[in-house]
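Let's take a walk through this structure together, with the aromatic rings as our starting point. Have the coordinates open as you read.

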Amino acid sequence: MFHSNPTDLKIAFVDYENVGTLKKLDLSPYAYGVVLVGARQHQVTLKSDNTCPLMVIKVPDHPGPAAKRPKNNLDFHLAYYLGRYDTIVRPEVTFEIISSDRGFLALVEHIVTKGRVCIQIGVKE
């Protein structure tokens, strides 16, 4: 996909653990997608006509007993990648978080106060 205007560029950050599948998502408006997959998810399901380039990141499981595993491990990794991309991508590029997890709302507001358009798109079951 070619975008002539940098303000038209959008990058999707997908909380696959929350979304569960990409079959129902239209990723065509995005120049690029970053999909974070949980440690216990072994397959990423895409729409057959997906044209959006994707980087799939498998989030490692926390070692040790299950009782000590952080509950929001994937969310913390998604926040990390948002920060990394914020430092390397032009400020005109919009970030969109695809997740119904309301825990991202404060982070979205913070990114916006720093001058980048960032929104969260919830997913309906």
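**Rings and their partners**

Four aromatic pairs are present in the structure, which is a predicted model. A good one to begin with joins Phe 13 and Tyr 85: the ring centres are 5.4 Å apart and the planes stand at 90 degrees, so this pair is edge-to-face, as planes over 60 degrees apart are counted that way. Phe 13 belongs to strand β1 (residues 10–15) and Tyr 85 to helix α2 (residues 73–88), so their pairing ties together parts that lie 72 residues apart in sequence.

Are these two residues buried or exposed? Phe 13 has 0% relative accessibility and therefore counts as buried. Tyr 85, at 12%, counts as buried too, because the limit is under 20%.

Now widen the view a little. Phe 13 and Tyr 85 join Tyr 32 and Phe 95 in one aromatic cluster. Phe 95 also has a charged partner: Arg 116 lies over its face, 4.1 Å from the ring centre. Elsewhere, Lys 10 places its charged end over the ring of Tyr 30, at 5.2 Å from the centre.

Finally, turn to Gln 120, in strand β5 (residues 118–121). Which backbone atoms does its side chain reach? One is the backbone oxygen of Ser 99, at 2.7 Å, and another is the backbone oxygen of Asp 101, at 2.8 Å. Setting aside neighbours within four places in sequence, Gln 120 is in contact with Ser 99 and Asp 101, and also with Ile 97, Ser 100, Arg 102, Phe 104, Leu 105 and Val 108.

Conventions: Residues are numbered from 1 along each chain as its sequence is written. This is a predicted model: local features need pLDDT of at least 70, side-chain atom pairs count only at pLDDT 80 or more; totals for chains, interfaces and linings use all residues. Side-chain values use heavy atoms; hydrogens and water are left out. Rings of Phe, Tyr and Trp (its six-membered ring) pair if their centres lie within 6.5 Å; planes under 30 degrees apart count as stacked, over 60 as edge-to-face and the rest as tilted. Helices (H or I, at least four residues) and strands (E, at least two) are DSSP runs, numbered from the N terminus. Buried means under 20% relative accessible area, exposed over 50%, partly exposed in between (1.4 Å probe, protein chains only). A charge sits over a ring if NZ of Lys or CZ of Arg is within 6 Å of the ring centre and within 35 degrees of the ring normal. A polar contact is a pair of N or O atoms within 3.5 Å; within protein, one must be able to donate a hydrogen and the other to accept it, and residues adjacent in sequence count only if both atoms are side-chain atoms. Contact means heavy atoms within 4.5 Å.
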